[in-house]
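Biologist: I am new to this structure and would love a guided close look at one part of it. Could you take me to the place where the two chains meet, and then show me what surrounds it?

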There are 2 protein chains.
Amino acid sequence: MARISAGLDKDGALVNLGVAIRARRKALHLSQEALSDAAEIDRSHMGKIERGERNVTFLNIVKIASALGCKASELLVDSNL
Amino acid sequence: MARISAGLDKDGALVNLGVAIRARRKALHLSQEALSDAAEIDRSHMGKIERGERNVTFLNIVKIASALGCKASELLVDSNL
């Protein structure tokens, strides 16, 4: 949930993770709303995660990966992290 | 930072991640204090992360992995996540 302050994500890790989530979501032809519902994450929070604007928690990464039918580690590999 | 309520980590994901962090730390002969300092994470918070008692944020996973000389994705692969 943590809001991120300017400079915290200095290496762009959150942005890269968000890009990876969005790419897998689109490959599955899922709307952001459908993914939010499947992962049981608030829709506006999901939008901020995809834009790299929130320091997403580990359990939410696991839930998002599950909703995308992949492993959490695969999302990170996609992100080159 | 989030404290986790009973049942939230129902699949043991946080516990598995904590075990993976501890295993890599011990393989490097690092104390928990040394890892905390290298990752710039509060020592008592690091203890709770290793025990799976906190829903660690993504940026902290990235910092811990960096301090352990591995990728964040490798920590998750170790955790079978």
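Modeller: Happily; what follows is a walk through the interface between the two chains and then into the parts around it. Please keep in mind that this is a predicted model.

Let us begin with how the two copies are placed. Chain B can be laid on chain A by a turn of 180 degrees with a shift of 0.0 Å along the axis, and the RMSD is then 0.0 Å. The two copies are thus related as by a two-fold rotation axis. The same surface serves both of them, since 100% of the contact residues of chain B recur in chain A. If you want a landmark for the axis, look for B:Thr57: of the residues of chain B, B:Thr57 comes closest to the axis, with its C-alpha at 2.1 Å.

Now to the interface itself. On the side of chain B, 19 residues are in contact with 19 residues of chain A. The area buried between the two chains is about 1700 Å², and carbon and sulfur atoms give 75% of it. In chain B, the residues that lose the most area to chain A are B:Phe58, B:Leu59 and B:Leu81, which together make up 39% of what that side buries. As for charges across the boundary, the count between chain B and chain A is zero salt bridges. Polar contacts do cross it, however: twelve residue pairs are joined in this way, with both partners at pLDDT 80 or more. To find the chain B side by eye, follow helix H1 (13-27), helix H4 (58-67) and helix H5 (72-78), the elements that give two or more residues to it. Sorted by class, that side has 13 nonpolar, four polar and two charged residues.

A few individual residues make this picture easier to hold on to. Return first to B:Thr57, which lies in the loop between strand E2 (54-55) and H4 of chain B. B:Thr57 counts as buried, at 7% relative accessibility, because buried means under 20%. The side chain of B:Thr57 reaches the side chain of A:Asn55 in a polar contact of 3.3 Å.

Next comes B:Ser73, whose place is in helix H5 of chain B. B:Ser73 is buried too, with a relative accessible area of 6%. Leaving aside neighbours within four places in sequence, B:Ser73 is in contact with A:Ser73, A:Leu76, A:Val77 and A:Leu81.

Crossing over to chain A, you will find A:Lys71 in the loop between helix H4 (58-68) and helix H5 (72-78). A:Lys71 is partly exposed, with a relative accessible area of 38%. Not counting residues up to four places away in sequence, A:Lys71 touches A:Ala65 in its own chain, and B:Asn80 and B:Leu81 in the other. With B:Asn80, the side chain of A:Lys71 makes a polar contact of 3.0 Å. Along its own chain, A:Lys71 is ten residues from A:Ile61, and their C-alpha atoms are separated by 9.4 Å.

From here we can step back into the individual chains. In chain A, A:Ala20 lies in helix H1 (residues 13-27) and is buried, with a relative accessible area of 6%. A:Ala20 and A:Leu75 are 55 residues apart in sequence, yet 6.2 Å apart in space, C-alpha to C-alpha. With residues up to four places away not counted, A:Ala20 touches A:Leu75, A:Asp78 and A:Ser79.

In chain B, a salt bridge joins B:Asp78 and B:Arg24, with the closest N and O atoms 2.7 Å apart. This pair links distant parts of the chain, B:Asp78 being in helix H5 and B:Arg24 in helix H1, 54 residues apart. B:Asp78 is partly exposed, with a relative accessible area of 41%, and B:Arg24 counts as partly exposed at 25%.

To finish, here are the salt bridges more broadly. The whole structure has ten of them over all chains. One is between A:Asp37 and A:Arg43, where the closest N and O atoms are 2.9 Å apart. In chain B, B:Asp37 forms a salt bridge with B:Arg43, at 3.0 Å between the closest N and O atoms. Back in chain A, salt bridges also link A:Arg22, A:Arg25 and A:Glu50 in a network.

Conventions
Residues numbered from 1 in each chain as written. Chains lettered and ligands numbered in written order. Predicted model: local features only at pLDDT ≥ 70, side-chain atom pairs only at ≥ 80, totals over all residues. Heavy atoms only, no water. Contact = heavy atoms within 4.5 Å. Buried area = accessible area lost by both parts, 1.4 Å probe. Salt bridge = Lys/Arg side-chain N within 4 Å of Asp/Glu carboxyl O. Polar contact = N/O pair within 3.5 Å; in protein donor to acceptor, adjacent residues only side chain to side chain. Helix = DSSP H or I, 4+ residues; strand = E, 2+ residues; numbered from the N terminus. Nonpolar A, V, L, I, M, F, W, Y, C, P; charged D, E, K, R; others polar. Buried < 20%, exposed > 50% of the residue type's maximum accessible area, 1.4 Å probe, protein only. Least-squares fit on C-alpha atoms with pLDDT ≥ 70 in both.
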